[in-house]
Each structure stands twice: as structure tokens, then as C-alpha cells.
Amino acid sequence: MSRVQIYTDGACRGNPGPGGWGATLELGEHLRELSGAESLTTNNRMELTAVIRALEALKRRVAADIYTDSEYVRRGITEWLPNWKARAWRTADKKPVKNQDLWQVLDTLAAEHDIAWHWVKGHSGVPGNERVDQLANRAIDDLLASARTSA
């Protein structure tokens, strides 16, 4: 069975500030690109949103390789999440988990697929990662341009 190759990235101008996310889904010759932006968000929220939107775009259960340059996303889903859930969404030092709303959505979506999580070094010439970075930043540019024209 072929595996879907998914690249995701989030970007933020200021943290918090305007942010964008980008994702690509590739299976054989088929490539789908997704992106979006929010006017006030954080980089970590955009990183999580990119993965969520990519998984939401899948129409059926698949095997997928997800590539992210965010250790927050990769380690969160593969290492930290079980402990957060066991501690009623508290960190090891008893503080509420940041971005719990998005982690819960990601947890549900990820459980619907067979996913291998991969970390890639950002801005290091990995073509898929470079593309999703462009998509995320273009989404921010489009958001800021539309805000200027509607002001």
C-alpha cells in the first residue's frame, strides 16, 4: 500500500502575530496543496493547524509519513501527549497544556490513520519543507494584503 507523503509548516510574524500554515499531501502523481492564515496566533498553533488541516483533507484511513520541522509537534504527538492525557491535560509541573484544543483535535485525527512522524531541519533545502514554508508565508502575505485593502 502506498503511503501518503505529507509536509506541514507554520509561520508567524511576531509571536503572537499574524500567522499562516501550509501543507502538501502527495500520493503517486497526485499533489494537493493547502494553506491558510489567522490574524492573531502563535507559531506553535500554526504548526499544529497545518497538520490538522492536512489530516482533515484525507478522505479515508491511510498510511502516511508526516514531515514537520516542529519538534513541538513531533515530540508532542509521539512523546508528551499520553502523559498529558493521563494527567488530565496538565504538564509535568501541573500547568495546563498550551494549545490543548488543537492537541485534542490532532489526537483524534491521528488515531484515524497509520502515521509515521518525521522531523526535518527547517530551511535546509528539503524541497517539501521549503514548499510548505512558502505556502505558509504566502498565506500571511495574502491575509495582510486583504487587511490593507479592506481598511
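This briefing covers Thr-41 and the sheet around it. The model is predicted. Thr-41 lies in strand 3, which spans residues 30-41. Five strands make up an open sheet with mixed pairing. Helices 2 and 4 are also described below.

**Thr-41**
- Thr-41 has a relative accessibility of 4%, so this residue counts as buried, the limit being under 20%.
- Leaving aside residues up to four places away in sequence, Thr-41 touches Cys-12, Asn-15, Pro-16, Gly-17, Pro-18, Gly-19 and Met-46.
- One of these contacts, Gly-17, is also tied to Thr-41 as a bridge partner.

**The sheet**
- The strand order is 3-2-1-4-5.
- Strand 3 and strand 5 (114-119) stand at the edges. Each has a single partner strand, so one side of each lacks a neighbour in the sheet.
- On average, neighbouring strands are turned by 20° against each other, direction ignored.
- Strands of a sheet pair through backbone hydrogen bonds, in either a parallel or an antiparallel way.
- Strand 2 (residues 17-27) pairs with strand 3 in the antiparallel sense. This pairing runs over 10 bridges.

**Helices on the sheet**
- Helix 2 (residues 71-86) packs on the sheet and touches strand 4 (63-68) and strand 5. The direction of helix 2 makes about 140° with that of strand 5.
- Helix 4 (residues 127-150) lies across strand 1 (4-12), strand 2 and strand 3. Helix 4 runs at about 140° to strand 2.

Definitions and conventions:
Residues numbered from 1 in each chain as written. Predicted model: local features only at pLDDT ≥ 70, side-chain atom pairs only at ≥ 80, totals over all residues. Heavy atoms only, no water. Helix = DSSP H or I, 4+ residues; strand = E, 2+ residues; numbered from the N terminus. Buried < 20%, exposed > 50% of the residue type's maximum accessible area, 1.4 Å probe, protein only. Contact = heavy atoms within 4.5 Å. Pairing = 2+ DSSP bridges. Axes fitted to C-alpha atoms, helices over the stretch in contact; angles between N-to-C directions.
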